[in-house]
Amino acid sequence: MANEQFQFSNEWNKIRDLVFQVIDLDLVEQLKNEPNRILREIQTIIRDIVNSGSAYITPDESGTLASMICDEIVGYGPIDSLMKDETVNDILVNGPHSIYVERGGILSKTNKFFISERQLIDIARRLVNKVGKNIDEAHPLVDSRMPDGSRLNVVIPPIAIDGTSMSIRKFGNGRRTFHDLIQYESLNDDMANFLVIATRCRMNIIVSGGTGSGKTTMLNALSGFIGDNERTITLEDAAELKLQQDHVVRMETKSGGEDGRGRVTMQNLLVNALRMRPDRIILGECRGEEAFEMLQAMNTGHSGSMSTLHANTAKDALSRLESMIIMAQPELPIAAVRHYIASSVNFIIQVSRLPDGQRKVMSITEIMGLESGNIITHDVFQFKIHEERSEKGMIRGEFVCNGLVRRSALYDSAQYYEMSDILEKLMINAAGLKI
Ligand SMILES: Nc1ncnc2c1ncn2[C@@H]1O[C@H](COP(=O)(O)OP(=O)(O)OP(=O)(O)O)[C@@H](O)[C@H]1O
Ligand SMILES: [Mg+2]
């Protein structure tokens, strides 16, 4: 299919160019609420082009091309309907002839395509311009947030070798609460209760997971339980968090010009955030030198801070954190780094996208402290995968609760005891927690 389309691409592109040269833009503006009339106008123009012998396409192709040009004029071409489709989470464009979507965690190729690379780049440019940015040879990579909260990433050739690449992560489908996540069976009631209490008691939490595993969604759901009276500062690369509270300051990093001037890094934002009298700091993602400042924030009066981090297990998350800190502070001895981590992070929520598309909380892991120089962890909850799958090939398993282990270790802070007490009162019976 893609090859067939590709064969026609040159001729179709020529006709598209000619249509845009001829079409009366004032008329299009007047007709913008009547797409059928715009379509008829385009059909007439294409017929004239073909009759004049400037280009050739079959009548069938002519119909398809006219509606594709119309879709481009009234919206965003082949991706317009995907952007409006609420079942689609991600739209991934890999050059003009390959458009994938993700629905319910499963990726599939659509039968949609762009007329040509030129159409694709024009549409990408319009999307990028809409958020006040430019994409051109000097700025071939753009990462941005669209007005509806969706995330947009565009890479143009020659960086993108096979044609412009666009990745859209839709957030228009709303903010998911724990209620939704329980409905999707991403976690159970007890785990949600546990996390609500942990958030309310200002535990420091890291949400760890792979790409697209639901880290930001989890962070959003957790943030719903931050008190209204707490001053929260969110720091992100492209703002995706949607906090409901009143007292929120949102900040975004900024990429600099070619010489790096004007660049504002996550680390810069964190250092500044610490001077803004925050009660809590929420980091969209911790991925580098800012790890040290993040732990510092968690450790110094801003408890209840949260971040996401890319890792496949809770233990991996700890090793990543360790290496990020060592990179930022090479002179720190490893024992000090581990001590620092163990005394800052309270819980790691490990989320995962399973091969069948389901998102699961794989574990809620407590950081217990240090023993013989190693960080000791305890999985309070775990998702245990069963061997056999359901008839539809879905992975099955169950959430198990291993209970809390009371300890007087490193950070037996007032908050920790407050949390244990609340847990004891509220949910030991429900979750079968043993303290
Ligand atoms: N529990 C869930 N059940 C079903 N879909 C989910 C769940 N959590 C997230 N999603 C969907 O999965 C997609 C990825 O979610 P999200 O952006 O939270 O992931 P992420 O781990 O932050 O991704 P990235 O690594 O790109 O930052 C989104 O489209 C979101 O709507
Ligand atoms: Mg994310």
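How far apart do the C-alpha centres of domain 2 and domain 3 lie? They lie 30 Å apart. This is a predicted model, where local features need pLDDT of at least 70, side-chain atom pairs count only at pLDDT 80 or more, and totals for chains, interfaces and linings use all residues. Residues are numbered from 1 along each chain as its sequence is written, chains are lettered from A and ligands numbered from 1 in the order in which they are written, and side-chain values use heavy atoms, with hydrogens and water left out.

**View 1. Domain 2 meets domain 3.** The domain assignment splits the protein into domain 1 (1–74), domain 2 (77–173) and domain 3 (178–431); such bounds come from an automatic or database domain assignment. Domain 2 brings 12 residues to the contact and domain 3 brings 16, with contact meaning heavy atoms within 4.5 Å. Together the two domains bury about 1,100 Å², and 45% of that is on carbon and sulfur atoms. Buried area here is the accessible area (1.4 Å probe) that two parts lose on being put together, summed over both.

**View 2. Charges and polar pairs across the domain 2 and domain 3 interface.** There are 4 salt bridges between domain 2 and domain 3, each a side-chain nitrogen of Lys or Arg within 4 Å of a carboxyl oxygen of Asp or Glu. Have a look at Arg151 and Glu240, whose side chains pair up in a salt bridge at 3.2 Å, N to O. On the side of domain 2 that touches domain 3, strand β4 (residues 141–145) gives the largest share, 3 residues. Strands (E, at least two residues) and helices (H or I, at least four) are DSSP runs, numbered from the N terminus.

**View 3. Around ligand 1.** Of the 19 residues around ligand 1, the nearest are Arg169, Arg176, Ser186, Thr216 and Thr217; being near takes a heavy atom within 4 Å. Zoom in on the oxygen atoms of the ligand: a polar side-chain atom of Lys215 sits 2.8 Å from one. A backbone N or O atom of Gly214 lies 3.1 Å from an oxygen atom of ligand 1, and for a polar side-chain atom of His310 the distance to a ligand oxygen is 3.4 Å.

**View 4. A salt bridge between two helices.** The structure holds 19 salt bridges, and one joins the side chains of Arg16 and Glu72 (2.7 Å, N to O). Arg16 belongs to helix α1 (residues 2–22) and Glu72 to helix α4 (residues 59–74), so this pair ties together parts 56 residues apart in sequence.

Methods
A polar contact is a pair of N or O atoms within 3.5 Å; within protein, one must be able to donate a hydrogen and the other to accept it, and residues adjacent in sequence count only if both atoms are side-chain atoms.
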